[in-house]
Amino acid sequence: MSRLVNEFSWSFSRHNTFEECQKKYWYIYYGSWEGWPLYRNDPRPSIDPLAAYLYTVKQMQSLAMFVGTVVHGAIEKCLKDWERSRRFWSQDRLIKEALAQFRKGIQSSKDEAWRKSPKYNANLFEIYFKEKGEEGLGGSEIQAAEEKIQQCLENWYNSPITQKTILGVNANTISIEKLDTFYLKNKYKVFVVIDYAMKWQMNHRQKILLFDWKTGKETDKTIDQLYSYALFAHQEWKTPYNEIVLAPFYLHDNHYEKVQGKESINPQRLALVEDFIVSSSVSMVEQLMGEPSEKLEKNQADPLSFAYTENRGKCVRCPFKKLCESQNYKNSSLEELKEEVEGIGL
């Protein structure tokens, strides 16, 4: 079995990290590479301690992020089960499934199960850093999170999007939480994960609906992200833009939109989003090692080329703050980082 290759790719989350803190960006996308646990027939003879540390820490989530993960996971499981069996879950089952996963995550985080399998066991920031004493989270925070999960799922389940559109007789599923890729300028690989994509057929007319479930507040970034989905659908599925409907659903606020027709998929905004992705990719690639013509293909990065954010307020809620604080925010070489990790541990 050959070793996996760390190829350059672009995503909105990657861009947001790069803008937030370039040092954090290096930790996540370069320093953590090959830090996952050994598996059967693994071509790696061993795991680099720095990579293992960074891989483990980058899996950490805040409570708010974990709520989003749980809600998305429950909806994904419900839709995939329905697609397979044509039996749609009850609202009670959907909420029970989500709350069970949430409570399991809280307990496994307290038990530190993530030490053995960091990707598949929750590690909550609040518990790891013991923000509320030894328990890390207070009962009121957990209760509020459970109430938000329940509210989000009730709103999703009872919405016209679910009951009339997704479950409608004219609906056909295309994909559910599928990781897809496409290229811009035949050069930059872009990752997209559309929460739910479906085809709606009526009176010989077809629409492709692209849904995005949001547990947080509405932001301008959401529409830009959906426009990247439109770029993907047009390029990879050959869907005309006038047949694409973008539908962000803000679950907790029970507010959704349908961006379609003349009001939305306009060439000007599509061009702006495409230019934005390419420009962001260029900025990331410029900081890689090697000759300009080789940087994208080799995708190698020196930690010294990636600066800490100047806004220390962002560091307060960063999972990597333990490592950065231990160096007093010194711009360390790869070897210095390895020595530092040996001293602080997980």
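Here is a short walk through some of the empty spaces in this structure, with a stop at one lysine at the end. Keep in mind that this is a predicted model.

How do you find a hole in a protein at all? Rolling a probe the size of a water molecule over the atoms shows where empty space is left.

Let's start with the second largest pocket, which holds about 440 Å³ of space. Its lining is made up of 20 residues, and Tyr30, Trp33, Gln300, Ala301 and Leu334 are the ones that lie nearest the centre. Three helices give two or more residues each to this lining: H2 (22–31), H3 (49–58) and H13 (334–344). Which of them gives the largest share? That's H2, with three residues. If you sort the lining of this pocket by class, you get eleven nonpolar residues, four polar ones and five charged ones.

Now for the cavities, where a probe fits but cannot get out. The count comes to two cavities of 30 Å³ or more. The largest cavity has a volume of about 90 Å³. You can pick out its lining in the structure: Glu20, Cys21, Lys24 and Tyr27, then Tyr308, Thr309, Lys314, Cys315, Cys318, Lys321, Cys324 and Tyr329. Helix H2 turns up again here, since H2 and helix H12 (321–326) each supply at least two residues of this lining. By class, the lining of the largest cavity splits into seven nonpolar residues, one polar residue and four charged residues. Cysteine and tyrosine both count as nonpolar in this sorting.

The second largest cavity offers about 30 Å³ of space. Around it you'll find Ser2, Arg3 and Leu4, along with Glu34, Trp36, Tyr39, Asp42, Pro43 and Arg44. What does this lining look like by class? It has four nonpolar residues, four charged residues and one polar residue.

Finally, let's leave the holes behind and look at Lys258. This residue sits in the loop between strand E5 (255–256) and helix H10 (267–286). Is Lys258 buried, exposed or partly exposed? Its relative accessibility is 40%, so Lys258 counts as partly exposed. Exposed would need over 50%, and buried would need under 20%. Setting aside neighbours within four places in sequence, Lys258 is in contact with Thr165, Val245 and Leu246. You can also look across to Leu210: this residue and Lys258 are 48 residues apart along the chain, and their C-alpha atoms are separated by 9.5 Å.

Conventions: Residues numbered from 1 in each chain as written. Predicted model: local features only at pLDDT ≥ 70, side-chain atom pairs only at ≥ 80, totals over all residues. Heavy atoms only, no water. 1 Å grid on protein atoms, 1.4 Å probe; cavity = no way out; pocket = protein on both sides within 12 Å on 5 of 7 lines; lining within 4 Å. Points joined across faces, edges and corners; volume = space filled by probe spheres on them. Helix = DSSP H or I, 4+ residues; strand = E, 2+ residues; numbered from the N terminus. Buried < 20%, exposed > 50% of the residue type's maximum accessible area, 1.4 Å probe, protein only. Contact = heavy atoms within 4.5 Å.
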